[in-house]
Amino acid sequence: KQIKYYLAIDIGASSGRHILGWLENGKIRIEEIYRFENGLIEKNGHLCWNIDRLFSEIINGLKKCKELNRIPTSIGIDTWGVDFVLLDKNQQLLGDSVAYRDNRTEGMDTKIYNIISEKELYNRNGIQKLIFNTIYQLFALKETQPELLSQAEHFLMVPEYLNFLLTGKIKNEYTNATTTQLVNAETQDWDYELLEKLSIPTKIFGKLHMPKTSVGNFKQNIIDEVGFDCEVVLPATHDTGSAVLAVPTNDDNSIYLSSGTWSLMGIERLIPDCTEISRQHNFTNEGGYHYRYRYLKNIMGMWMMQNVRKEFHHKYSFTELFTLADIAKYFPSIIDVNDESFLAPKSMIQAVKNYCIKTNQEIPQTEGEILYCIYNSLAKCYADIVKEIEEVTNKTYSKIHIIGGGCQDIFLNRLTAKYTGKDVFAGPIEATAIGNIICQMLKAKDFQDLIEARETIAKSFDVRKAEIIEGRFWEYNLN
Ligand code: ADP
Ligand code: LRH
């Protein structure tokens, strides 16, 4: 019997990959067939994404399918949230693909709150304040390059633009749209009233489509280039939306931690919580698959480690990094990992030192001290957020499921187990791609529903438990 392959193209802020998924004896199998680097570039004085290169990497990975003679039934693209491009009336790109870490949004919060209070804004969409949210980016564009906004005919989030390049079709997708802070939590549609208040043209925003919607087939020039045709489907195009679909449990007694460039920690809920208490805790209510909401918080996450490793010239393996950090576990200073100074510093090491100086704490000197200071502060932040979730929901949770590339960081997993006191499970690593694939499988009716899909994920992938026994750390496989 011919195997039915599905292809996830999952592009994170640090890397992108093409992952084929299929069902075999009741389990999901995946295989990475192509991987490429991603990162920020400087262009015209702004931090940008090299979107042309990302697209050519998408093509390279598709060619790999042909080479392996494993042609997918459908493909889905997901990327990080928040960022977008504008197209003019000839469907040509307007301006650069500016990245969320660029500082163009500085001061835009105050300007927006003069038009609508922060409280009312949250009440409408329940999205946490992050200074780089699309709402602030669009407002910055309106202030500095209004001609781009007035020429714009279409607003496309990054995955939607990549879909457009493959199919020629423009379709906006709901889960990623919620990260703009421009979607009303109740109506689950663009908040046109808010857009009007902000003088952002409403006509550029298209109908919102739910995951599992078909975008279209490849354009002829793409078929010619990659050697096959394929249907492009919308997964949860926001990577975190896809990742959380692949949490390997249906137990609502657990908290997830999607660990990649960002750490996203939270729970799934069926109704959004846009209350004042929730706003004060800065929890978000991102729109998810099948009308679920991701009630979570962004934490600076592995971005800090990625930068420090770069500054160490990538001279250490992960095991060496853990050993170095462990040697420095006497080091006491704690940083607020979500401080804005860590968002896009020239040097992360210097930013960490500066924070310690500013807060009158001991300054880390050795590589180990820098590493431990970040690890320790991240894990403490996780523990604080667990407490906040329990406080806001008035419920206790017994488990934490860490998913994504960062779940391979056994040092951090152990610290997380230590500080939270919860059972910590790690895996699957490629949760985002798996979530993307199961959405395509759900569209093809390979599973009855998400519950069945998650049960299948739990039995298909390695999930390890991080435990502390007699003061020592252990990790073992549950499958
Ligand atoms: P994103 O999708 O945001 O680009 P990923 O989910 O790919 O991020 O996760 C990348 C992170 O995973 C890295 O920054 C690193 O912290 C962690 N990681 C990757 N490989 C390993 C490894 N072998 N051991 C420990 N951590 C790892
Ligand atoms: C994680 C992520 C996160 C967003 C950020 C921009 O990759 O999508 O959910 O807040 O990137």
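Which residue in β5 does E42 stand opposite? The partner is L47. Here is a short tour of that hairpin, a helix pair and two ligand sites.

This is a predicted model, in which local features need pLDDT of at least 70 and side-chain atom pairs count only at pLDDT 80 or more, while totals for chains, interfaces and linings use all residues. Residues are numbered from 1 along each chain as its sequence is written, and chains are lettered from A and ligands numbered from 1 in the order in which they are written.

Strands β4 (residues 40-43) and β5 (residues 46-49) pair in the antiparallel sense over four bridges; pairing requires at least two bridges found by DSSP. Helices (H or I, at least four residues) and strands (E, at least two) are DSSP runs, numbered from the N terminus. Two residues lie between β4 and β5 in this hairpin, and N44 in the turn has a positive phi of about 45°.

Now to the ligands. A residue counts as near a ligand if its C-beta atom, placed from the backbone, lies within 6 Å of it. Nonpolar means Ala, Val, Leu, Ile, Met, Phe, Trp, Tyr, Cys and Pro; charged means Asp, Glu, Lys and Arg; the others, Gly among them, are polar.

| Ligand | Residues around it | Closest residues | Classes |
|---|---|---|---|
| Ligand 1 | 15 residues | G12, S14, G260, T261 and G405 | four nonpolar, 10 polar, one charged |
| Ligand 2 | 14 residues | W80, G81, V82, T240 and W262 | six nonpolar, seven polar, one charged |

Finally, Y375 and L378 are among the residues of α15 that meet α16, whose contacting residues include F411 and L415 (contact: C-beta atoms, placed from the backbone, within 7 Å). By class, this contact of α15 with α16 has 10 nonpolar, three polar and one charged residues.

Terms used
Contact = placed C-beta atoms within 7 Å.
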